Amino acid sequence: MPNIIIVGTQWGDEGKGKIVDFLTETTDVVVRAQGGANAGHTVYNAGEKYVLHLMPSGILWPGKECVIGNGVVIDPLAFIKEIEGLESKGVAVTPDNLRLSSAAHVVFPHHRGLDQAREQRRGKSKIGTTGRGIGPAYGDKIDRCGLRVNDLIQPERLEAKFRARVEQMGSTFEGLDLPSIEETLTAYTEAGKRLAPHVSNTVAFLHEAIRSGKQLLFEGAQGAYLDIDHGTYPFVTSSNTTAGGACTGSGVSPTRVDEVIGVCKAYTTRVGSGPCVTESEAFSSRLHEMGREFGATTGRKRRCGWLDMVMLRFTTMVNGLTKLAITNLDGLDGLETVQLCTAYEMDGERLTLPPIDAEDWERCTPVFEEMPGWSEDISHARSLEDLPSQARAYLDRISEITETPIGIVSVGPDRQQTMVCAV
Ligand code: IMP
């Protein structure tokens, strides 16, 4: 049975939550391996809408096991709130269906405070973070001064390490509106007790699962262009959002992975700052007027543009995509023509792969290929044959340029609005 990594191919919000939920039916274990409460995965289950931040969406399926791996940064208070929200809707969260890595790093109030204060100080050049403390928490991890879940669940260690860290940071905290050290310690000690039954060495669990023939599904958060190494730096998040991040963030070797499915919107969106070569105000307004493209975590309006094949070419490469899942194809309904960006122009030069630096992206202009659009409402399509020929031609062109088969096409939030071409 294949182990599958699901990644976002753009700037996040590609509809990964829905694709993961769809594939969960045939999987056993759903794994989150990077990111934190910055993610917002919207999933519709039995007519109910769920917005998940840290929790793998497999939790909504009885009998499935969920793992939060070592590569994730956990805000325990936000996570407990998420668990309680799920429980209040009748979703069972138990030590049997939720396992949390003891090596995952912990997000503290000062990480959030620093994230927000730094953004404010950056002024016009702000990154547009979610303000969830992600950058400072990963910063501490890389700087080797972070606290891990294993510290969180041992009150004495938590207190000693937290006090030492606060002392080390000294005046860095000045001006931040933070709870007192005692308040934080009380809340985090309680949170540690609450989460302790879920905490274990998840690497060992995942290897045992593989050995016993279980199928793993890795639920990527954010998208390839928010990757700390491969994205539009510095307008990125602080983890590896590309396929390799699923391996380092879970302790599962690349030799155990069979498929990497890249989720791609039929157009481009971005929240936060930074370049977006195909961005179009008219196209953005059109989607917002349709009630689409508002952020799941922060409610911000997403910036929208035509599908960028320059980005997609590189994403296919860096993730080693075996298949594409195209979502939101219905967002292009009713357009006379659709545009596909197949190259960039930069200083008179034609580029088929994106430049490295965000500054250079800003200097790029899109080269479009125009294709006929379709007037029909395709949200009722249930198989490729139901789609207008123009929509099928659009999909074929995406597959041709990326040299990657399209495995799934989605035309709406419901499970039935999903066409499987080949998985
Ligand atoms: P951070 O991850 O909060 O540090 O934010 C860094 C950048 O990543 C900002 O541009 C955010 O808007 C973006 N970002 C983080 N998480 C998501 C997500 O789940 N979807 C879309 N953008 C995200």
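A polar contact is a pair of N or O atoms within 3.5 Å. In this predicted model, the side chain of D13 has an N or O atom 3.1 Å from a nitrogen atom of the ligand. That distance lies within the 3.5 Å cut-off, so the pair counts as a polar contact.

Two other side chains reach the ligand through polar atoms. One belongs to T130, with a polar atom 2.6 Å from an oxygen atom of the ligand. The other belongs to R300, where the distance to an oxygen atom of the ligand is 3.1 Å. Alone, the ligand would expose 460 Å², and the protein buries 96% of that.

The shell around the ligand holds 16 residues, and those that come nearest are D13, N38, T130, T237 and R300. Sorted by class, this shell has 8 polar, 6 nonpolar and 2 charged residues.

Next, consider how the chain is divided. Domain 1 is assigned to residues 4–101 + 199–259, domain 2 to 105–195 and domain 3 to 264–420. The centres of domain 2 and domain 3, taken over C-alpha atoms, are 37 Å apart. Contact between these two domains involves 6 residues of domain 2 and 5 residues of domain 3.

The size of an interface is often given as the accessible area lost when the parts come together. Between domain 2 and domain 3 this buried area is about 370 Å², with 40% from carbon and sulfur atoms. On the domain 2 side, G128, T130 and R132 lose the most area to domain 3, together 67% of what that side buries.

What links occur across this interface? There are 3 residue pairs in polar contact and 0 salt bridges. The touching side of domain 2 has 3 polar, 2 charged and 1 nonpolar residues.

Key. Residues numbered from 1 in each chain as written. Predicted model: local features only at pLDDT ≥ 70, side-chain atom pairs only at ≥ 80, totals over all residues. Heavy atoms only, no water. Domains from an automatic or database assignment. Contact = heavy atoms within 4.5 Å. Buried area = accessible area lost by both parts, 1.4 Å probe. Salt bridge = Lys/Arg side-chain N within 4 Å of Asp/Glu carboxyl O. Polar contact = N/O pair within 3.5 Å; in protein donor to acceptor, adjacent residues only side chain to side chain. Nonpolar A, V, L, I, M, F, W, Y, C, P; charged D, E, K, R; others polar. Near = heavy atom within 4 Å. Areas by Shrake-Rupley, 256 points an atom, 1.4 Å probe, with all protein chains shown as cover.
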